[in-house]
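Let's work through a few short exercises together. Keep the sequence and the 3D view open, and try each task before you read its solution.

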Amino acid sequence: MKKVVAPVLAITMAAFALAGCSGDNQSQSADGNEAAATSVVEAGTIIDVRTPEEFAEGHLQDAVNIDINDPGFEDAISELVPNGQYTVYCRSGNRSAQATALMEQMGFTNVTDAGGMEAASGALDVEIVK
């Protein structure tokens, strides 16, 4: 077992090192400090788990609205590709955390909880549209 783990660990570490060197993933914040940013491509499908009314008042550009409080939420989520890349957000981060946990329980492997809409907008560098 040790003979397999060492090469796998070395390959994984090399992949992380190379990923850190590829491209510019830094953005300037309003105060001029550099901050790490996740690109929209890395975010995959952006899912807003708020109500349709909240979504209509403003949401991240290109987000898909799947209301966690809707009785059909699990059915809607089950129609997604389990190994796809998903970023989930809501108003404050509570519902997105619940949705992310549920998606992971359902077998989704690449789900990121981006928290509240404002935080998600900043982290993903995606504008809020109305």
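**Exercise 1.** What span should the 12 residues of H5 have at 1.5 Å a residue, and how far apart are its end C-alpha atoms?

*Solution.* Bear in mind that you are looking at a predicted model. Start with the rule: the expected span is 1.5 Å times one less than the number of residues. For the 12 residues of H5 this gives 16 Å. Now check the model: the end C-alpha atoms of H5 are 17 Å apart, which agrees.

**Exercise 2.** Which residues of H5 are buried, and where do they fall when seen down the helix axis?

*Solution.* Here, buried means under 20% relative accessible area. Five names come up: Arg 95, Ser 96, Ala 99, Thr 100 and Met 103. Seen down the axis of H5, these buried residues lie within an arc of 135°, so they line one face of the helix. This fits a general pattern: an α-helix has 3.6 residues a turn, so residues three or four places apart point the same way. The cover over the buried residues of H5 includes S3, H3, H4, S6 and S7.

**Exercise 3.** Which strands pair with S6, and in what sense?

*Solution.* Take S3 to begin with: S3 and S6 pair in the parallel sense over four bridges. Within this pairing, Asp 48 stands opposite Tyr 89. Next comes S7, which pairs with S6 in the parallel sense over six bridges. There, Thr 87 has Thr 112 as its bridge partner. To get from S6 to S7, the chain passes through H5, and this β-α-β crossover is right-handed. Finally, look at the cover: five of the six residues of S6 are buried.

Key:
Residues are numbered from 1 along each chain as its sequence is written. This is a predicted model: local features need pLDDT of at least 70, side-chain atom pairs count only at pLDDT 80 or more; totals for chains, interfaces and linings use all residues. Side-chain values use heavy atoms; hydrogens and water are left out. Buried means under 20% relative accessible area, exposed over 50%, partly exposed in between (1.4 Å probe, protein chains only). Helices (H or I, at least four residues) and strands (E, at least two) are DSSP runs, numbered from the N terminus. Two strands pair if DSSP finds at least two bridges between them. A crossover is right-handed if, with the strands pointing away from the viewer, the path from the first strand over the helix to the second runs clockwise. The arc is that of the directions from the helix axis to the C-beta atoms. Contact means heavy atoms within 4.5 Å.
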